[in-house]
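The exercises below ask you to read a protein model step by step. Try each task before you read the solution that follows.

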Amino acid sequence: MSEQLSIQPLQKDDLDFLYQMRINSDVMDYWFEEPYASKTQMVKSYEANLEQDSHRSFILYHGKEKIGYLGLFDIDWRHRHAEFAIMIDPAFQGNGYATRATEFMIDYGFNQLNLHKLFLYVAQSNEKAAYIYEKVGFEREGFLKQHFFINGQYCDVIMMGLLRENVINNGN
């Protein structure tokens, strides 16, 4: 399975695939964003991001099929950290793809970008995601009470982080 997984930088022709996930509330609730996007806005955002150096966005492929989106956001080059985020198309969830995709981004962040730390936010109720992140080495660093609004209520959020030295020392 993992031999068939790969990531490729986000291209303009990937925006239709991404748009379908961004209007899906089941996906966007866990990105802590409203499931609202217009294709025009997405194109403008894509083009604006080409001019900056603070984001790295990728499409996850299984063979030749697009199955997810992942990236490093708000890359801070002075402090050498970035926020990691991932979304897997609901049709492909539950197949172990998120674990391998997260490992791809850990490798990219630490070994290509020379980052010191990756961090993320995960809803406390999203136990499957928290389990995946812990499995690949992220540690719980903090807790934000009623920080995001999901499905009509405020939810608690776990802050997680992964230091480069912990990955290197564990041989990952």
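**Exercise 1.** With which residue does arginine 100 form a salt bridge?

*Solution.* The structure is a predicted model, in which local features need pLDDT of at least 70 and side-chain atom pairs count only at pLDDT 80 or more, while totals for chains, interfaces and linings use all residues. Residues are numbered from 1 along each chain as its sequence is written, and side-chain values use heavy atoms, with hydrogens and water left out. Start from the criterion, which is a side-chain nitrogen of Lys or Arg within 4 Å of a carboxyl oxygen of Asp or Glu. Arginine 100 meets it with glutamate 103, the closest N and O atoms being 3.1 Å apart. Next, place the pair: both residues lie in helix α4 (residues 97-112), three residues apart, about one turn of the helix. Here helices (H or I, at least four residues) and strands (E, at least two) are DSSP runs, numbered from the N terminus.

**Exercise 2.** Which parts of the chain does the salt bridge between lysine 66 and aspartate 14 tie together, and is aspartate 14 buried or exposed?

*Solution.* First, the side chains of lysine 66 and aspartate 14 meet at 2.8 Å, N to O. Lysine 66 belongs to strand β3 (residues 65-76) and aspartate 14 to the loop between β1 (5-9) and α1 (15-22), so the salt bridge ties together parts that are 52 residues apart in sequence. For the second part, buried means under 20% relative accessible area, exposed over 50%, and partly exposed in between (1.4 Å probe, protein chains only). Aspartate 14, at 3%, therefore counts as buried, whereas lysine 66, at 25%, counts as partly exposed.

**Exercise 3.** Which strands hold glutamate 141 and lysine 117?

*Solution.* Glutamate 141 forms a salt bridge with lysine 117, with 2.9 Å between the closest N and O atoms. Glutamate 141 lies in strand β6 (residues 139-150) and lysine 117 in strand β5 (residues 117-123), so this pair ties together parts that are 24 residues apart in sequence. Glutamate 141 is partly exposed at 43%, and lysine 117 is partly exposed at 22%.

**Exercise 4.** How many salt bridges does a search of the whole structure find, and how many helices and strands does the chain have?

*Solution.* The search finds seven salt bridges. Turning to the elements, the chain has six helices and seven strands, which run β-α-α-α-β-β-β-α-β-α-β-β-α from the N terminus on. As a last step, consider burial over the whole chain: buried residues make up 43% of the 172 residues.
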